[in-house]
Amino acid sequence: MKKAPAPTKTQGAFGEQLSFLPPPPFCPTWPTRGTLADRALGMLMDGRKIDHPDFEGSTQSWRLGAVIFTLRSLGWPVETIEILSPTPDCPDRVIALYHLPGKYVAEALAINGRPRAPANGGAHAASK
């Protein structure tokens with residue numbers, strides 16, 4: 001199997017396709033309070049970069065990938081950083097680290113119109 005070519009400047013940053021259209025407006029839907037999506041969003045809104053062990057330690061759930069999928073479907077632009085994490089059994093192993101860029105945290109707080117309360121285990125206090 002052939003490897004994909006390395007990204008070039010003509011492909012854009014990180015191999016993303018360039019677009020001449022403006023990006024869609026940022027107007028996410030807040031997840032239901034108390035759900036795993038709510039707890040993950042709280043962690044991300046606190047500026048944390050989270051991976052599966054962090055999430056499992058806070059929620060006792062190993063379903064972070066599914067939760068991130070839910071947040072993205074609600075309009076939250078959660079970014080993924082892929083980190084090489086080889087093991088003897090899987091030398092090509094890659095793990096995901098998720099984060100929400102600060103500009104979206106600020107926009108979400110501005111849209112919501114309320115300041116965030118101090119974090120309590122990752123539950124966001126800014127939701128409607």
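**Exercise 1. Chain overview**

Task: Find what share of the contacts in the protein chain between residues at least 6 apart in sequence joins residues at least 24 apart.

Solution. Start with the contact criterion: heavy atoms within 4.5 Å. Among contacts between residues at least 6 apart in sequence, 51% join residues at least 24 apart. The model is predicted, so local features need pLDDT of at least 70 and side-chain atom pairs count only at pLDDT 80 or more, while totals for chains, interfaces and linings use all residues. Residues are numbered from 1 along each chain as its sequence is written, and side-chain values use heavy atoms, with hydrogens and water left out.

Next, list the elements. Helices (H or I, at least four residues) and strands (E, at least two) are DSSP runs, numbered from the N terminus. The protein chain has 4 helices and 2 strands. Their order along the sequence is α-α-α-β-β-α.

Then take burial. Buried means under 20% relative accessible area, exposed over 50%, and partly exposed in between, with a 1.4 Å probe and protein chains only. Of the 128 residues in the protein chain, 30% are buried.

**Exercise 2. The surroundings of α1**

Task: Determine how many residues of α1 are buried, and what covers them.

Solution. Count first: 8 of the 10 residues in α1 are buried, so this helix is mostly covered. The buried set is Ala37, Asp38, Ala40, Leu41, Gly42, Met43, Leu44 and Met45. Now look for the cover. It includes α2, α3, β2 (94-99) and α4.

Finish at the end of the helix. Gly47 follows α1 and has a positive phi, near 85 degrees. Asp46 sits in the loop between α1 and α2. Its relative accessibility is 30%, so Asp46 counts as partly exposed. The C-alpha atoms of Asp46 and Leu100 are 9.2 Å apart in space, although 54 residues separate the two in sequence.

**Exercise 3. Two helix packings**

Task: Describe how α1 packs against α2 and against α3.

Solution. Fix the descriptors. Two packed helices are described by the angle between their axes and the distance between the axes. Axes are lines fitted to C-alpha atoms, for helices over the stretch in contact, and angles run from 0 to 180 degrees between N-to-C directions.

Take α2 (residues 52-59). Its axis is 11 Å from that of α1, and the packing angle is about 120 degrees. That makes α1 oblique to α2. The classes are: under 35 degrees roughly parallel, over 145 roughly antiparallel, 65 to 115 roughly perpendicular, and the rest oblique. On the α1 side, the contact uses Leu36, Arg39, Ala40 and Met43; on the α2 side, Asp54, Phe55, Ser58 and Thr59.

Take α3. The axes of α1 and α3 come within 9 Å and cross at roughly 80 degrees. That makes α1 roughly perpendicular to α3. Leu36, Ala37, Ala40, Leu41 and Leu44 of α1 meet Val67, Ile68, Thr70 and Leu71 of α3.

**Exercise 4. Leu71**

Task: Place Leu71 and list what it touches.

Solution. Leu71 belongs to helix α3 (residues 64-73). With a relative accessible area of 0%, Leu71 is buried. Leave out residues up to four places away in sequence: Leu71 then touches Pro31, Ala37, Ala40, Leu41, Leu44, Trp76 and Val78. Check the pair with Pro31: 40 residues apart along the chain, with 7.5 Å between C-alpha atoms.

**Exercise 5. The two sides of α4**

Task: Sort residues of α4 into buried and exposed.

Solution. In helix α4 (residues 102-112), the buried residues are Tyr104, Val105, Ala108 and Asn112. They lie on the same side of α4 because they cover an arc of only 105 degrees around the axis. The arc is that of the directions from the helix axis to the C-beta atoms. The face turned away from this buried side carries the exposed residues Gly102, Lys103 and Ala110. The cover over the buried residues includes α1 (36-45).

**Exercise 6. Gln60 and the cysteines**

Task: Give the setting of Gln60, then the number of disulfides.

Solution. Gln60 lies in the loop between α2 and α3. Its phi is near 60 degrees, positive in a residue other than glycine. Its relative accessible area is 62%, so Gln60 is exposed.

Now the cysteines. A disulfide requires a pair of cysteine sulfur atoms within 2.5 Å. The structure has 0 disulfides. Cys27 is exposed at 58% relative accessibility. Cys90 is partly exposed at 36%.
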